[in-house]
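Student: I would like a close look at one helix pair in this model. Please take the packing apart step by step, then move on to the surroundings.

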Amino acid sequence: MNASKDHISIGDAVERAGKCGRFHFYMGSFYFITNVLLGLVTFQFQVLTMFPEIECMSAQCTEMTSPSFKDGSDLCSLDEKSWKFHEQKINWLTEYRLVCESEYLRSCGITAYFVGFFMTVYVTAILVDKMGRRPVGVYYSAGLLLTLILQRFSSVLEEVFLFRFVFGFLHGGLSLAGLLLCLEYTSQATGWLLCTLGSIGFSLGGSLMSYLGLHRDEWQTTFDIPICAALTAFLIIYLAIPESPYWFYSQGRTLQTLVSFNEVASINRRPLLKNVSLKEVNEPESTTETLRELGPVLCKLAVAWLSAATCYLVLPTAGAPGEAFSLPIYRGLMALPLKLLVYKLAQVTGRKKALMIVSLVTAVAVLLDGVVKIEPGTTGHLLLGVVSDSISDTMIPLLYIYTAELLPTHFRARGIGLCTMASAATSVFSPFILLLDNVNSILVLIVPIALLTLTVILASYTPETLDVPLPLTLEDAIVQQPINRTDTEMRNLLDSISSED
């Protein structure tokens, strides 16, 4: 006779496969390396279009040499024969002459990346929910590796813009797939830690690219480290990471779910899950039904995403001439303590309170950045820019993880994609916000501070997810929504539903 099977929940399966082991080291390494890679690629265009040192060949040029001149503000007023770029420093700006009448092309390169990211992030999110997390991670990491190799040997500016668009497209898929694999394979605390370390990797990637741009003489050599990182990320996810069991389970494929857990247990050197069964699940609800039920909480989160993106795009303008390379380097170094602090805050106070506290602190940082007047180019000005920019940067990883914890598995990637698209509105109106500086510098502060204040108010009406299981179905996500219940009542309600199952 066949032995009776133990009926276990997916949470029990996570426990048996191991919440923290060798597999999670591989998973964390993949997500960290991927984010370092994305940080390198994201900031690459800005770094490679910075003004290098110039050589003056006239007395007029020598007299005008200043920090502002080195950033090109007075360049076009000089005769073309009175100066030249330093021969040893070759980047995209010097090779394609992105100065004077062609200076607008520098903005076009940055725009191409964001257009690729924001126009395709929801399409990519659909692929992550429909195809699975691992296939998107495999295909996109391979695509990024191929694109990096092609761009390293490209010689036409139009190709650079095309590749920037492709990088933006691939960014969304890699970051989403890695985030969800981290959260859906382990305990809540470990998942948060892995995702936080990945976010730190993104900041460090930006710092590393700034360092490479400052110390490498030829722009082609700045591709060597990203290519190695892309190859490593591809090999890890292809060889060591199976599909998310949560995704299998949400699709009603319970057998594949157990197979996936057994792959993790094998890597962690834990006993395999034998003679066990999982509860059968219904077909996932439609997108329309999911949006109807979760629309209010998504709208509240969209405001938070909008405020975070506004601060991210507005604050870097505080950088003074000459700080273009140093600001990202120091910001990456500050990311480690600040993001670990936010991680600890979210584990102690809860997600919604952490979001409220971070929003308030960011509002104060924005206010100080605009009100405190320090002479550009000084250490104090650089320090203020680094601190305010780093604090605002901590909101983004917090929102990624909090949003993922509120949404059911079959809609998790698309929900994050919708919130990301909402934040894309910032890239449309942020130039107009900056134009307010011509009227009064205080006006530039009003929009981000107002959005951050609204975020604090709306966050108080969002559900708490600390110690609440990751929702598998729409029904699980709906249970979290009644905010008038205390945390204890919410946990008792969840326990009663589990016992009935």
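Tutor: In this predicted model, take helix α6 (residues 104-131) and helix α18 (residues 412-423). Their axes come within 7 Å. They cross at roughly 175°. Angles over 145 degrees count as roughly antiparallel, and that makes α6 roughly antiparallel to α18.

Now the residues that meet. From α6 come Phe117, Phe118, Val121, Tyr122, Ala125, Ile126, Val128, Asp129 and Lys130. From α18 come Arg412, Ala413, Arg414, Gly417, Leu418, Thr420, Met421 and Ser423. The contact of α6 with α18 divides into ten nonpolar, three polar and four charged residues.

Stay with α18. Its twelve residues should span 16 Å at 1.5 Å a residue. The end C-alpha atoms of α18 are 17 Å apart, which agrees. Nine of the twelve residues of α18 are buried, so this helix is largely enclosed by the rest of the structure. The buried residues in α18 are Arg412, Ala413, Arg414, Gly415, Ile416, Gly417, Cys419, Thr420 and Ser423. Several of these also appear in the contact with α6, including Arg412, Ala413 and Arg414.

Cys419 deserves its own check. Its relative accessible area is 1%, so Cys419 is buried. Its sulfur is 8.8 Å from the closest cysteine sulfur, which belongs to Cys299. That is too far for a bond. A disulfide here requires sulfur atoms within 2.5 Å. By this rule the count comes to zero disulfides. Cys195 is in no disulfide either; the nearest cysteine sulfur, that of Cys182, is 4.7 Å away. Cys195 is buried too, with a relative accessible area of 3%.

Next, helix α17 (residues 395-406). For its twelve residues, 1.5 Å a residue gives an expected span of 16 Å. The end C-alpha atoms of α17 are 17 Å apart, in agreement. Eleven of the twelve residues of α17 are buried, so α17 is largely enclosed by the rest of the structure. The buried set is Met395, Pro397, Leu398, Leu399, Tyr400, Ile401, Tyr402, Thr403, Ala404, Glu405 and Leu406. Among them is a charged residue, Glu405.

Then Asp393, in helix α16 (residues 379-393). Asp393 has 8% relative accessibility, so it counts as buried. Leaving aside residues up to four places away in sequence, Asp393 touches Ser203, Tyr312 and Lys339. Asp393 and Ala335 are 58 residues apart in sequence. Their C-alpha atoms are 8.2 Å apart in space.

Set Leu341 against this. Leu341 lies in helix α14 (residues 326-349). At 56% relative accessibility, Leu341 counts as exposed. Along the chain, Leu341 and Thr394 are 53 residues apart. Their C-alpha atoms are separated by 9.5 Å.

Finally, the whole chain. The protein chain has 22 helices and four strands. Of its 501 residues, 52% count as buried. Consider contacts between residues at least 6 apart in sequence: 82% of these join residues at least 24 apart. The contact of Phe117, Phe118 and their neighbors in α6 with α18 belongs to this chain-wide picture.

Key
Residues numbered from 1 in each chain as written. Predicted model: local features only at pLDDT ≥ 70, side-chain atom pairs only at ≥ 80, totals over all residues. Heavy atoms only, no water. Axes fitted to C-alpha atoms, helices over the stretch in contact; angles between N-to-C directions. Helix = DSSP H or I, 4+ residues; strand = E, 2+ residues; numbered from the N terminus. Parallel < 35°, antiparallel > 145°, perpendicular 65-115°, else oblique. Contact = heavy atoms within 4.5 Å. Expected span 1.5 Å × (residues − 1). Buried < 20%, exposed > 50% of the residue type's maximum accessible area, 1.4 Å probe, protein only.
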